[in-house]
Amino acid sequence: MTETFIKASPNHWKPDDFDLSSVRLDASLLHITKTICLLESRCDDYAEYLQAIFRDRDASWTSAIERWNVEECQHGFTLRTVCESTDPNFQFDESMSAYESLVSYHEPTGESVRGCVAAEMVSRCVVEALASALYRVLADAATDRNVGAVYTALAQDEARHYGMFMKMLSAEARADPSIGFWTRCSFALKRMLELEDGQIMFASCIVAGRSQQPIRRRREANWYLAKLYRLYRWKHLRYAVRMLLPVIGVRANRWLVWPATALIWTAVKVRLWLAQIANRVSFLPADAD
C-alpha cells in the first residue's frame, strides 16, 4: 500500500496573503532574514538531491518531495519580499549568485553523503524541527504584525515538513530494524554539530557585504550567532526538544523534555557568551549592520 507522507492543502497560504507593502525590521532581524532567504531560495537543489536518492522508492516518496519543494520555494520568495520591502537596496539576484558560486550543494548522483536514506531522514527531521523553532523565535521578535504572520506561517509549514520526514523515517525504520536508538542518535548529533556549517555562515557573510574579503567561517559564526541566539527563549528550545526527541525514537514526556531543554538552553547561552566575547576582540562588532 502506498503511503501518503504529506497532503497538499487547498487552503495553504500564498505569498499574496500577506500585506508586505511597508515592512519594518530592525537591523539584526533583517540580516537574519536575508541569510535565511538565501538558504530557502536554493530549495530546488535540495529537492533534486533527495529525488535522486529516492529513485528506487515508490511514487509516494517523490511526490512528497515535490510538494515539499513547492512550499519551500514559497518560503524563499516570501522572505525575499520581506527583505526587499524593508531594504529596497537588497540585491537578491546578486547575493544569490555569489552564494551559489561560493557554496555548492550535494551532487544529485543518487548517493547519500550521509551514508544511507535513514541518515538523510534523521538529518531532515532535525533541520525541519530547528527551522520551525527558529521561525517561532523570529515571529516573537518581530514588532511588525505582518512580518510576524509570515514567520508564523513558515513555522507551521516547517512543522508539517517535519511530520512528513518523520513518516519517511518511520517507513525506513520498519524496512530496516537496525535503525535503532543509537544509530538515530549518531545521525542526529552529527547534523546538529553542523549547524555552523558553511551554508549558513557564507550566506551571512554575503548579505553583510563581506564576501569580497577572505571569509573566516568561525568569525562569521560568532557575529551571526550573537545576533540570533540572544532572541531565543526557554519556550522556543522546549518546542524544539519536543520535536527532536521522537527523531531518536524517544517519547517526549515531561520527565525528559525539561532536562533536555535545560541542556540545550545551557549550550545556547554558553555559545552566545563565547560569541559575544569573541566579537569584542574581532574587527566585526556584534551590533554591526
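# Exercises on a predicted model

Thr35 has a relative accessible area of 0% and is therefore buried. The exercises below concern a predicted model.

**Exercise 1.** Determine where Thr35 is found and which residues surround it.

*Solution.* Step 1: Locate the residue. Thr35 belongs to helix α1, which spans residues 27-40.
Step 2: Apply the cut-off. Buried means under 20% relative accessible area, and Thr35, at 0%, is therefore buried.
Step 3: List the contacts. When neighbours within four places in sequence are left aside, Thr35 is in contact with Ile200, Ala203, Ser204, Val207 and Tyr224.
Step 4: Examine the polar side-chain atom. A polar atom of the Thr35 side chain lies 2.9 Å from the backbone oxygen of His31.

**Exercise 2.** Establish which side chain of opposite charge is nearest to Arg184, and which residues Arg184 touches.

*Solution.* Step 1: Locate the residue. Arg184 is part of helix α7, formed by residues 181-192.
Step 2: Look for a partner of opposite charge. The nearest such side chain is that of Glu172, 10 Å away.
Step 3: Compare with the cut-off. A salt bridge requires a side-chain nitrogen of Lys or Arg within 4 Å of a carboxyl oxygen of Asp or Glu; Arg184 has no salt bridge, although it is buried.
Step 4: Describe the surroundings. Not counting residues up to four places away in sequence, Arg184 touches Val122, Leu169, Ala173, Ile179, Pro246, Val247, Ile248 and Gly249.

**Exercise 3.** Decide whether Trp273 is buried or exposed, and identify the surface patch that contains this residue.

*Solution.* Step 1: Locate the residue. Trp273 is found in helix α11, which covers residues 254-280.
Step 2: Apply the cut-off. Exposed means over 50% relative accessible area; Trp273 has 52% relative accessibility and therefore counts as exposed.
Step 3: Identify the patch. Trp273 joins Val270, Leu274 and Ile277 in a nonpolar patch on the surface, and together these residues have about 380 Å² of accessible area.
Step 4: Relate Trp273 to a residue from Exercise 2. The C-alpha atoms of Trp273 and Val122 are separated by 29 Å, and the two residues are 151 places apart along the chain.

**Exercise 4.** Classify Pro259 by accessibility and state how far its C-alpha atom is from that of Leu79.

*Solution.* Step 1: Locate the residue. Pro259 lies in helix α11.
Step 2: Classify it. Pro259 counts as partly exposed because its relative accessibility is 40%.
Step 3: State the separation. Pro259 and Leu79 are 180 residues apart along the chain, and their C-alpha atoms are separated by 34 Å.

Terms used:
Residues numbered from 1 in each chain as written. Predicted model: local features only at pLDDT ≥ 70, side-chain atom pairs only at ≥ 80, totals over all residues. Heavy atoms only, no water. Patch = residues over 30% accessible without salt bridge, like charges linked within 9 Å, V, L, I, M, F, W, Y side chains within 5 Å. Areas by Shrake-Rupley, 256 points an atom, 1.4 Å probe, with all protein chains shown as cover. Helix = DSSP H or I, 4+ residues; strand = E, 2+ residues; numbered from the N terminus. Buried < 20%, exposed > 50% of the residue type's maximum accessible area, 1.4 Å probe, protein only. Lys, Arg positive; Asp, Glu negative; His and termini not counted. Contact = heavy atoms within 4.5 Å. Polar contact = N/O pair within 3.5 Å; in protein donor to acceptor, adjacent residues only side chain to side chain.
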